[in-house]
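The following exercises concern the structure displayed below. Please attempt each task before reading its worked solution.

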Amino acid sequence: MSAPNDDLSVDVLIVGAGPTGLFAGYYAGFRGLTMAIVDSLPEPGGQVTAMYPEKMIYDVGGFPAVRGRDLIKGLVEQVAPWNPVYLLGRKAERLISTGSGLDVVLDGGQVVHAGAVLITAGIGEFTPRPLPAGDGWLGRGMVHFVPSLAAHAGQDVIVVGGGDSAFDWVLALHPVASSVTLVHRRTKFRAAESIVREARELGVRIITDAEVTELRGNGALTEVVVHAKGGEPVVLPAQTVVAALGFTADLGPIENWGLKIDRRSIAVDSTMATGRDRVYAAGDVAAYPGKVKLIATGFGEAATAINNIAVALDPEAHLFPGHSSGG
């Protein structure tokens with residue numbers, strides 16, 4: 001870990017510490033490149049850590065199912081031997097081309113001198129959509145994400161929302177919470193029919209065409225008021241409200257880096273190179289015809305990007321790295 005204001009020199013600066021960025025860090029180390037990983041979030045894992053650490057993920061090769069937090073733990077352990085420099089809780093603000101590479105200026109003024117930059121920023125910086133009745137309750141009983149299921153053991157939990165993430169939290173919390181109730185302001189759900197059916201079969205209380213209109217408690221949350229259309233307000237016990245109302249996202253300062261961007265995605269070629277020299281992109285943030293946004297896809301794109309970066313930094317290097325297995 002570097003001091004917050006010490007300039008830093010690395011072969012590759014990876015912008016984004018989600019699954020793709022962490023795997024890119026491993027691959028950079030495997031290719032003998034030094035690297036730093038910057039992310040605006042305070043810990044590695046990106047969207048997985050922030051939004052669904054307890055969710056089971058089914059599209060990673062070799063794992064029939066893997067919990068989000070366990071996948072990130074494994075990726076952090078995989079890159080660890082290569083000594084990545086983590087710059088967490090920091091934003092990459094400006095990108096400046098130099099004669100020998102790129103300078104990235106972080107918030108606070110720290111400069112990272114890099115031979116190349118790999119952007120693995122996923123959907124960019126995301127901001128949860130607010131629950132109007134929850135104003136002032138964040139951290140006092142209202143949350144947007146559930147980093148630890150155990151923290152809600154024995155609680156009465158209200159989940160607000162009708163999308164996949166709302167039902168993911170319902171299903172994850174059901175075995176540990178005293179009660180789980182879902183409140184949705186419409187009668188139809190955006191979530192997949194299969195997980196809605198699973199929640200109903202578990203006997204989860206689902207209140208539709210309704211809104212949480214008030215949170216109450218003396219310091220800490222104790223109850224909420226739910227108002228269904230055409231009915232009288234109902235007071236429910238609650239120690240936690242999960243506001244799973246979706247989020248807004250943007251690429252932040254990256255949008256001003258002179259890249260070809262369309263709908264929060266950066267255009268790349270088959271080497272994962274952008275239109276700017278020595279700037280590459282991989283994972284959900286990268287776009288090309290036929291792209292499929294999966295974690296598994298991001299892993300392959302990270303390897304492609306790093307191998308091409310290795311050649312860009314040293315034309316004598318081989319594109320094909322050899323196999324990364326032992327033996």
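**Exercise 1: A hairpin**

S97 stands opposite L102 in strand 7. The model is a predicted one, in which local features need pLDDT of at least 70, side-chain atom pairs count only at pLDDT 80 or more, and totals for chains, interfaces and linings use all residues. Residues are numbered from 1 along each chain as its sequence is written, and side-chain values use heavy atoms, with hydrogens and water left out.

Task: Determine how many bridges join strand 6 to strand 7.

Solution. Step one is to fix the terms: helices (H or I, at least four residues) and strands (E, at least two) are DSSP runs, numbered from the N terminus, and two strands pair if DSSP finds at least two bridges between them. Step two locates strand 6 at residues 92-97 and strand 7 at residues 102-106. These strands run antiparallel and are joined by five bridges. Step three adds the connection, a hairpin that leads from strand 6 to strand 7 through four residues.

**Exercise 2: Two open sheets**

Task: State which strands stand at the edges of the sheet 14-15-16, and which are the edge strands of the sheet 19-20-22.

Solution. The open sheet in the order 14-15-16 consists of three strands with antiparallel pairing. Strand 14 (210-216) and strand 16 (234-237) each have a single partner strand, so one side of each lacks a neighbour in the sheet. From one strand to the next the twist averages 30° (axes are lines fitted to C-alpha atoms, and angles run from 0 to 180 degrees between N-to-C directions). Four bridges pair strand 15 (residues 223-228) with strand 16 in the antiparallel sense, and V224 stands opposite L236 in strand 16.

The open sheet in the order 19-20-22 also has three strands, but its pairing is mixed. Its edge strands, each pairing on one side only, are strand 19 (261-262) and strand 22 (286-287). Strand 20 (residues 265-267) and strand 22 run parallel and are joined by two bridges; I266 stands opposite A286 in strand 22.

**Exercise 3: The buried side of helix 3**

Task: Identify the buried residues of helix 3 and say where they lie around the axis.

Solution. Helix 3 (residues 68-79) has 12 residues and reaches 17 Å from its first C-alpha to its last. This is close to the expected 16 Å (1.5 Å times one less than the number of residues). Its buried residues, buried being under 20% relative accessible area, exposed over 50% and partly exposed in between (1.4 Å probe, protein chains only), are G68, L71, I72, L75 and V79. They cover an arc of only 95° around the axis, taken from the directions from the axis to the C-beta atoms, which means that they lie on the same side of helix 3. Among the elements covering them are helix 1 (19-30), strand 5 (85-88) and helix 6 (295-313).

**Exercise 4: Nonpolar cores**

Task: Name the residues with the most contacts inside the largest nonpolar core.

Solution. A nonpolar core is a set of buried Ala, Val, Leu, Ile, Met, Phe, Trp, Tyr and Cys residues joined through side-chain atoms within 4.5 Å. The largest has 63 residues, and the most contacts inside it belong to L13, V117, L118, I119, I254 and I306. Helix 6 supplies the largest share, eight residues. Contact means heavy atoms within 4.5 Å; leaving out residues up to four places away in sequence, L13 touches residues including A36, V38, V104 and V112. A second, separate core of 23 residues includes V157, A166, L171 and A177.

**Exercise 5: Residues in loops**

Task: Decide whether A17, H152 and N83 are buried or exposed.

Solution. A17, in the loop between strand 1 (8-15) and helix 1, is buried, because its relative accessible area is 0%. Its C-alpha atom lies 7.4 Å from that of T120, 103 residues apart along the chain. H152 sits in the loop between strand 10 (142-143) and strand 11 (156-160), and its 9% relative accessibility makes it buried. Beyond its neighbours within four places in sequence, H152 contacts V146, V157, L173, V176, A177 and T240. N83 lies in the loop between helix 3 and strand 5 and is exposed, at 61% relative accessibility. Although not a glycine, N83 has a positive phi of about 55°. Most residues other than glycine have a negative phi.
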